[in-house]
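I opened a fresh notebook page for this one. These are my entries, in the order I looked things up.

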Amino acid sequence: MIQAQIRGLQKSFGKNEILKNVDLTIHKGEVVCIIGPSGSGKTTFLRCLNLLERPDAGIYALGDLHYDLSRIGTHQSREIARKTAMVFQSYELFSHMTVLQNVMEGLVTPRKVPKKLAEKVAYSVLEKVGMADKAGMYPSQLSGGQQQRVGIARAMALSPDLLLFDEPTSALDPELVGDVLNVMRQLADSGQTMVIVTHEMQFAQEVADKVVFMADGIVIESGTPSEVFDDPKEVRTKQFLTQVRFNTAI
């Protein structure tokens, strides 16, 4: 079953063309990892999927709803926002709110969920990411890895059709990366549909159902982890993977 389908996605900033007719199909329960060099358009693509960036053109099917991205109105924007959730690389938690309040906020304010129910949902997802015992603490009292797990819980609380991760471990110290990746593995095992922009190649090999290699604003190659990592067809993919492996070896 197809969860989301993007065709001909285009995005420019001024005269700088970032995304050039990007296509992607995402099936329900699938984990899609997007890899590629800096400046390839990965993060912009992800942000277009929940309209944090407004695409210039493209067709977007999300569940049974279809959108012409060149003419998105307020109502359609809200529909897409309700079906997607983002985990940011820099956490983006509210510093003046406790952990519990941060997770509840997306339910209470935009979705008008009663506070008692929102609190119950928040505790449930915090339990799943191992952060329920920190519910009364503030972001400044947490490590980076703990803050990111709260960010994941906040996104999970919204029960999104599409859960988006933008380099979720890039701001973390190396010893904190494992805890966050383990939470993401558990989410993958639970059947959550996920699109992950990542530089964690080992994680992508182990967890992804589909790996997408982007460069220069286009999808160069996509396939299973074994197809992309072990037997890439495109020269640009081979060059990137060789460079990544060389840097890792160093």
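**Entry 1: a loop to begin with**

Where does Leu51 lie? I found Leu51 in the loop between H1 and E4. A reminder to myself before going on: I am reading a predicted model. The phi of Leu51 is near 65 degrees, and that is a positive value in a residue other than glycine. I also checked its cover: Leu51 has 12% relative accessibility, so it counts as buried, the cut-off being under 20%.

Next I looked at Asn50. It lies in that loop too, between helix H1 (42-49) and strand E4 (57-62). Asn50 comes out at 12% relative accessibility and therefore counts as buried. What does Asn50 touch, leaving out residues up to four places away in sequence? I noted Ile80, Thr84, Met86 and Leu164.

**Entry 2: following Asn50 to the strands**

Two of those names led me on to strands. Leu164 belongs to E7, where I checked both faces. Are the faces of E7 covered or open? Both are covered: Leu162, Leu164 and Asp166 are buried on one side, and Leu163 and Phe165 are buried on the other. I can see why the names split up like that, because side chains in a regular strand alternate between the two faces of the sheet. The count for strand E7 (residues 162-166) is 5 of 5 residues buried.

Then I looked up the partners of E7. Strand E6 (residues 84-87) pairs with E7 in the parallel sense, over 4 bridges. Thr84, which Asn50 touches, has Leu162 as its bridge partner in E7. E7 is also joined by 4 bridges to strand E8 (residues 194-197), and these two run parallel. Leu164, another contact of Asn50, has Val195 as its bridge partner in E8.

**Entry 3: a second positive phi**

I went on from E6 to Tyr91, which lies in the loop between E6 and helix H3 (99-108). Its phi is near 70 degrees, again a positive value in a residue other than glycine. Tyr91 is at 13% relative accessibility, so I wrote it down as buried.

**Entry 4: Glu221 and its hairpin**

Now I moved to Glu221, which sits in strand E10 (residues 218-223). Is Glu221 buried or exposed? It counts as buried, because its relative accessibility is 9%.

What does the side chain of Glu221 reach? I found the backbone nitrogen of Lys233, at 2.7 Å. Lys233 is also one of the residues Glu221 touches beyond four places in sequence; others in that list include Val211, Phe213, Asp231 and Thr237. Phe213 stands opposite Glu221 in E10.

I checked the pairing as well. Strand E9 (residues 210-215) and E10 pair in the antiparallel sense over 5 bridges. They form a hairpin with 2 residues between them, and Asp216 in the turn has a positive phi of about 55 degrees. One more distance for the page: the C-alpha atoms of Glu221 and Pro37 are 13 Å apart, while the two residues are 184 apart along the chain.

**Entry 5: Pro225**

Pro225 is in helix H8 (residues 225-230). With a relative accessible area of 12%, Pro225 is buried. I listed its contacts, again skipping residues up to four places away: Ala204, Gln205, Ala208, Asp209, Val211 and Asp230. Val211 caught my eye, since Glu221 touches it and so does Pro225. The C-alpha atoms of Pro225 and Glu206 are separated by 7.8 Å, with their positions 19 residues apart along the chain.

**Entry 6: stepping back**

Last, I looked at the whole chain. How many helices and strands are there in the protein chain? I get 9 helices and 10 strands. The radius of gyration is 18 Å, which agrees with a compact globule, because 250 residues packed that way would come out near 18 Å. The C-alpha atoms fill a box of roughly 55 × 45 × 35 Å along the principal axes. Of the 250 residues, 52% count as buried. Among contacts between residues at least 6 apart in sequence, 63% join residues at least 24 apart.

From the record, I copied that UniProt (an unreviewed entry) places the feature "domain: ABC transporter" at residues 4-241. Over residues 4-241 I noted 39% helix and 26% strand, with the end C-alpha atoms 27 Å apart.

Note on methods:
Residues are numbered from 1 along each chain as its sequence is written. This is a predicted model: local features need pLDDT of at least 70, side-chain atom pairs count only at pLDDT 80 or more; totals for chains, interfaces and linings use all residues. Side-chain values use heavy atoms; hydrogens and water are left out. UniProt positions are given in the numbering used here, feature names are shortened, and annotations may be inferred rather than shown by experiment. Buried means under 20% relative accessible area, exposed over 50%, partly exposed in between (1.4 Å probe, protein chains only). Contact means heavy atoms within 4.5 Å. A polar contact is a pair of N or O atoms within 3.5 Å; within protein, one must be able to donate a hydrogen and the other to accept it, and residues adjacent in sequence count only if both atoms are side-chain atoms. Two strands pair if DSSP finds at least two bridges between them. The radius of gyration is taken over C-alpha atoms; the globule rule is 2.2 Å times the number of residues to the power 0.38.
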